[in-house]
Amino acid sequence: NKDSVTGHHELRTHDSFTRNGEEAEHIKANGRNQTVLGVKGLSWFSYLPNFDVIRGVGIDYMHCVLLGVMKMQLTLWFDKSHRNSIFNISSKISQVEQRLLNIKPPSYITRLPRSLAEVTHYKAAELKNFLLYYGLPCLYGILPHEQFHHFSLLVFSVYILLQERISPDNINHCRQMLMEFVLNIPVLYGERYSTSNVHLLLHLTDKVLDLGPLWASSCFYFEDFNGQLRRLFHGTQHIETQIAFAVSVHQNLPILAKSLQQGTSEKDLYSRMMEKKPQKTSECVGDGTYIVGAFHNRTITMEEEEAICNTIGQFVSLMSFKRLYKGHQNTQSQEYKCTQRRNNSVVKYNGNFGKVKNFVKVRANDQEHVLALINPMDRSEEMLGNLGRSASSHATPLKPPSGQVVAEPVNNITDVCVYIVINEELGFVSTAPNRIEKE
């Protein structure tokens, strides 16, 4: 509804839904099947006391935004059936794919990027990664400008609505961005793509106001439970019996384990099966911050020595290490070579971004300091202007690291980032919107 300030018509209410449902039930009782304003009948939820059947039901962004809108857009951009449309870039898919497959995500993104030829088989988590992290860098300079700006509205608004804290100003900003996105779908892609999922975007901000951030009512958790259920049976016959037996084993193992004697092979086997293996750490150096792996001797450069002295003054001893575990995220220096397909070295610290060259533990004035030696990366102001004010919180364009070195206390590191290189002069960096939702 282009004449509405919200982009949609009058909202349903619990009472209007109930009236429409009762009318539909009455028509059904007379032998006819007819919906009333889209309502087929009453739901059992209509009878729950103190439950608003409209405001109390969430919009699952996993199905609506990721498997719905995001997947539709990928099809429009890359499917050759749309090759005669101005928005289709199937002829440039190799350029996009080259950027995509060169991405080395941090460890908290479990699925590695895969070919766009398999886009029809992408899981919801892969679509989420493309929307939040990979899409803008991979499409920059390739997707036509109007479509690129249009897509950025969806990226920035969904990212904000997935954060742990969302301000009223954020909500209003997202409402405007999503309305602009929805109203321009028929302009840029055609009327037929104003689908139900696209329309639901107009209601996302209201759902966040009623039910919390998008991750709070997401189906990712339930999909994970489906996967756990799937591991409880291993054949096609008598599935319900297999599940019941497996659940019984899980419930009774702790009881049976009490009869096992310490030091026996049976007790050792049970311990290995049941105990989770935590991240191996060597030393706690702060609240939730741990040194991982061994210390080693390393000759530091003059620039590194100067950076350390600028931070803590003169020091008497120094030891290096390559990995840090902080806030449930692994940070690895550029000198850590064991991981080839991951990049855990790009971090956010004090609002700035940089690559961790190495970690050091130094002693000065009878105190020990744990520092990260970082090569800073400056923001690309020109690109920030092109992306708009929302880019300041997400998908920040950066220049490559210079030869400068700064020494920062590891407690100042707030995030391990997704870093995507576009060319020798430009890269994009993104941080996770929250640390609660898992793939």
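User: What makes β9, β13 and β12 an open sheet in this predicted model?

Analyst: Those three strands line up in the order β9-β13-β12, with antiparallel pairing. β9 (396-398) and β12 (418-423) sit at the edges with a single partner strand each, so one side of each has no neighbour in the sheet. From one strand to the next, the twist averages 25°.

User: How do you know that β12 and β13 pair?

Analyst: Pairing takes at least two bridges found by DSSP between two strands. Five bridges join β12 to β13 (residues 426-430), so these antiparallel strands count as a pair. One of the partnerships is N423 with L426 in β13.

User: Why are β4 and β5 called strands, and what joins them?

Analyst: A strand is a DSSP run of E with at least two residues (a helix is a run of H or I with at least four), numbered from the N terminus. β4 covers residues 323-326 and β5 covers 329-332, so both fit; four bridges join them, antiparallel. L324 stands opposite T331 in β5. Two residues lie between the strands of this hairpin, where G327 takes a positive phi near 60°.

User: Where is confidence lowest in the chain?

Analyst: Helix α13 (residues 381-387), with a mean pLDDT (the predictor's confidence in each residue, from 0 to 100) of 56. Low pLDDT means the predicted coordinates should not be read in detail. Helix α2 (residues 61-78) is highest at 97, and the chain averages 91.

Residues are numbered from 1 along each chain as its sequence is written. Local features need pLDDT of at least 70, side-chain atom pairs count only at 80 or more, totals for chains, interfaces and linings use all residues, and side-chain values use heavy atoms, leaving out hydrogens and water.

Technical notes:
Axes fitted to C-alpha atoms, helices over the stretch in contact; angles between N-to-C directions.
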